[in-house]
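Biologist: Could you walk me through this one, starting from the inside and working outwards?

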Protein chains: 2
Amino acid sequence: MAGKENTEDIVCNIQKGDKRFASKLMSMVEDGNSEGEECLRILRGIPGQAHVIGVTGWPGVGKSTLISRMAHFFLNMSKHVGIIAVDPTSPLSGGSFLGDRERMRGIDGDERLFIRSMATRGHAGGIAADTNAFVRIMEAMGKDVIIVETVGVGQDQVSVCYVADTVVMTVIPGMGDYLQALKAGIMEVGDIFAVNKADRKGVDEVVTDLRMIIGMSARKNGWNPPIVKTTAVSNAGIDELMIQIENHRNHVTRGGKLLSKRIAAVKLEVVETLKSRLFHLIELEEKLDDYAQQIFEGKIDRFNLVETILKEAEIVKQVRRELHD
Amino acid sequence: MAGKENTEDIVCNIQKGDKRFASKLMSMVEDGNSEGEECLRILRGIPGQAHVIGVTGWPGVGKSTLISRMAHFFLNMSKHVGIIAVDPTSPLSGGSFLGDRERMRGIDGDERLFIRSMATRGHAGGIAADTNAFVRIMEAMGKDVIIVETVGVGQDQVSVCYVADTVVMTVIPGMGDYLQALKAGIMEVGDIFAVNKADRKGVDEVVTDLRMIIGMSARKNGWNPPIVKTTAVSNAGIDELMIQIENHRNHVTRGGKLLSKRIAAVKLEVVETLKSRLFHLIELEEKLDDYAQQIFEGKIDRFNLVETILKEAEIVKQVRRELHD
C-alpha cells in the first residue's frame, strides 16, 4: 500500500513538472525497479505532445554547444525543454569540456529546462529503451521539446536515434572521407544535416560531399534532407536550423508518421527490456564463466547450451510452480 | 545419418584447410544452422595456435591497406593467414575502394590466404559471436595468423575487439579532437597504436595526443601501448608495427593471459547466442507489433510484459511437453 501511495506520489509530482521526482523515477528505471516500471506505464497513458529531436554526430563536432543554442532558442519561444545526454563524452553529461559547460550557464538555472545525462553502461533496460523511457517521463513533465544527444555510431547508439521524431546529424569540415565511407548509415539516420564549425576551412567540400550522398539516396518518405551550415559557438545558422527542424516536424505530423515512429521506438524498448529481463531471470551473470568454459572446450554447442540453460533456469522453476498451482 | 556424414565431411575438409568448406560452415553459422553449431563444437576441441590480431579504427584511416601489408609480411614469413572483415565499409568486404582492392591483388590468389567478410546485419548469433566462431574455424583450418578488421566504435563493434589477442588501433593525423573525446574507449581497446597516413601534416600532433592519453591511463596488465607511425600505401613503418605485434603476443603468452582472453571471447558468444536464440524461441518477431502497441498505450508495463511473454511462449510449451513426458 505504501508502494501504491509512492507510485501515485511520483506520477502526480512528475505531471506537475517536478525535476526531483522525475530524476528519481529515471534512476528507478535505470536500476530496473519494478515500481518504476509501473509509474512509467501510468505516465505513458497520459497524452503528451513533445517534439523529440535527436542530435547525433561523432565526439568533437560540437553537438553540446549546438544543443545549448537550440535550448536557448526554444526557451526564448516560451517552450519547456528537456535534454537527455546519451553521449558519454558529452559535456552535458558532466564531461571535461568546461568551456562548453560555461556556454550552458546562461540557461542551466532556467526552471523550464531539465537536463539529464545517461550512463552508457549498466543499463538494466538497454540504452535506447531507457532513453525512450526518459523521453516519455519528460513528456509527462510537460516538456514541449526534448533533445536527445547521441554519438550515433554503432548499433546501440544508432538505436537511440530511432527514439527521436527528427534527427539532426552534425558533421564538421574535414569529415568528407568518413561521410563517404558511411554513406548508407548517414542517410538512414539523418533528417537534417548540420555542418557545424562552418567557419573552418573545407566547409564547402563537406557540403558538396553531403549533397552528393543525399542526391544518390532515395528520399525518406518524401523528405529531402536539408543541409544547414552552423557555427554554434557564435550562434550563426541556428535560426535556419530551427526553421528546418520545424519544417521536418510538420512534414512528419502531416503525413501521420509520428505515431508509427513512436511505436517503432517502443518496439526497441520491448526488445531491449526482454533481453535484459531474460538474462536476469536465467541468472546469466553468475553462471557465465561455467558456460563459457564448456563452449570453449567443445563439450557442448551453443544452441544446445541455450536449451540446457532454459531447462535449468529460473524461468522453468517459475513455470513449474505455476503448473503445480 | 546423412547429417552426421555431412558434419564429418565438413570438419575433415576444414582441417585440411579447404576454403570452400570453411566458407560453407561460416554461412551455416551465420544462418543459425544447428548442424553448423555441431561442426563448430567439434572444431573447438581441436587445438590451434593462431595469433588473432584485431585492426580497428574509423572508416578512412586505411585499415584495409594496413591489413594487406600485414598479410604480405606474414605470407613472406611462410605463415598461413586468415582475414575477417567485419567493417561494413571495408574494401576487403567488397566495398567500393577499388584502389585498395588493387593493392590486395598481389596476394589474393595466394593459397595460404583466406579472406572472409561479414555482414553487420542479420546475424543469427550476433556479430561478435559469429566473429569468434569464424576465428575458431580459421584456426582449425591451420591459419597461423587471423586478422580481424573492425570499425571499433559502438558497443557491438567494440565487442568484436575482444575476440582478438592483440588489437592495433589505427588513427590518422587530424584526429586529435576525436581521440581526446574518446580517451577511455581508446585505451580500453588498443594494445598498439598505428598512426597511419604518417606522411600527412599533423602526424606529430596526433602522436603527442596519443602519448598524453596513454600516459594518463593505467598500464594494461603491465603493457605500455607503443605508438608506431605507418604509411601503409608505401609500406613505411610496417616492419616496426610487426615487431610490436610480436612483442605484444609474447607479452600476452608469457603472462598466461591468452587463455583468459579467449574465455572472455567465448563469454561474448554465449551472451549473444542466448539473446538471439531466446528471441527465436519466444517468436518475438511475429508478435512485436502487438507487444509495442500494449506498452505504448500504457496497458501493461515492460516487466509484466516480459513475464507474460514467457508464460505464453514456446519456451513454456516446451517445458510443458517435457513435464508431461
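**An enclosed strand and its surroundings**

Modeller: This is a predicted model, and a good place to begin is strand β1 (residues 51–56) of chain A, where 6 of the 6 residues are buried, so that the strand is largely enclosed by the rest of the structure.

Biologist: Which residues of β1(A) lie on one side and which on the other?

Modeller: A:His51, A:Ile53 and A:Val55 are on one side, while A:Val52, A:Gly54 and A:Thr56 are on the other, and since these are all buried, both faces of β1(A) are covered.

Biologist: OK, and how many bridges join β1(A) to β4 of chain A?

Modeller: There are 6 bridges between β1(A) and strand β4 (residues 145–150) of chain A, the two running parallel, and within that pairing A:Gly54 has A:Val148 of β4(A) as its bridge partner. Strand β5 (residues 166–171) of chain A is also joined to β1(A) in parallel, through 4 bridges, with A:Ile53 standing opposite A:Thr166.

Biologist: Switching to chain B, in what order do the strands of its sheet come?

Modeller: The order in chain B is β3-β2-β4-β1-β5-β6-β7, an open sheet of 7 strands with parallel pairing. The edges are taken by β3 (113–117) and β7 (227–229) of chain B, each of which has a single partner strand, so one side of each is left without a neighbour in the sheet. From one strand to the next, the twist averages 20 degrees.

Biologist: And what packs on that sheet?

Modeller: Helix α4 (residues 63–76) of chain B does, touching β1, β2 (81–85), β3, β4, β5 (166–171) and β6 (192–195) of chain B, and its direction makes about 175 degrees with that of β4(B). Helix α10 (residues 203–216) of chain B lies across β5, β6 and β7 of chain B, and runs at about 170 degrees to β7(B).

Biologist: Going back a step, in which sense do β1 and β4 of chain B pair?

Modeller: Strand β1 (residues 51–56) and strand β4 (residues 145–150) of chain B pair in the parallel sense over 6 bridges, and B:Ile53 stands opposite B:Ile147 in β4(B).

Biologist: New topic: which residues have the most contacts inside the largest nonpolar core?

Modeller: Those are A:Ile14 and B:Ile14, in a core of 110 residues. Leaving aside its neighbours within four places in sequence, A:Ile14 is in contact with A:Phe21, A:Ala22, A:Leu25, A:Leu43, A:Ile137, A:Ala140 and A:Met141. Another core lies apart from that one and has 32 residues, among them A:Leu274, A:Tyr291, B:Leu278 and B:Leu284. As background, nonpolar side chains tend to be buried together in soluble globular proteins.

Biologist: What about disulfides, how many does a search of the whole structure find?

Modeller: The search finds 0 over all chains. Taking A:Cys12 as a case, the closest cysteine sulfur is in A:Cys39 and sits 11 Å from the sulfur of A:Cys12, which is too far for a bond.

Biologist: Are A:Cys12 and A:Cys161 buried or exposed?

Modeller: A:Cys12 counts as partly exposed because its relative accessibility is 37%, whereas A:Cys161, at 6% relative accessibility, counts as buried.

Biologist: Last one, what does chain A come to overall, in helices, strands and surface?

Modeller: Chain A has 15 helices and 7 strands, and buried residues make up 56% of its 325 residues. Its accessible surface comes to about 13400 Å², with 49% belonging to carbon and sulfur atoms. Of the contacts in chain A between residues at least 6 apart in sequence, 76% join residues at least 24 apart.

Terms used: Residues numbered from 1 in each chain as written. Chains lettered and ligands numbered in written order. Predicted model: local features only at pLDDT ≥ 70, side-chain atom pairs only at ≥ 80, totals over all residues. Heavy atoms only, no water. Buried < 20%, exposed > 50% of the residue type's maximum accessible area, 1.4 Å probe, protein only. Contact = heavy atoms within 4.5 Å. Areas by Shrake-Rupley, 256 points an atom, 1.4 Å probe, with all protein chains shown as cover. Disulfide = S-S within 2.5 Å. Pairing = 2+ DSSP bridges. Axes fitted to C-alpha atoms, helices over the stretch in contact; angles between N-to-C directions. Core = buried A, V, L, I, M, F, W, Y, C linked by side-chain atoms within 4.5 Å.
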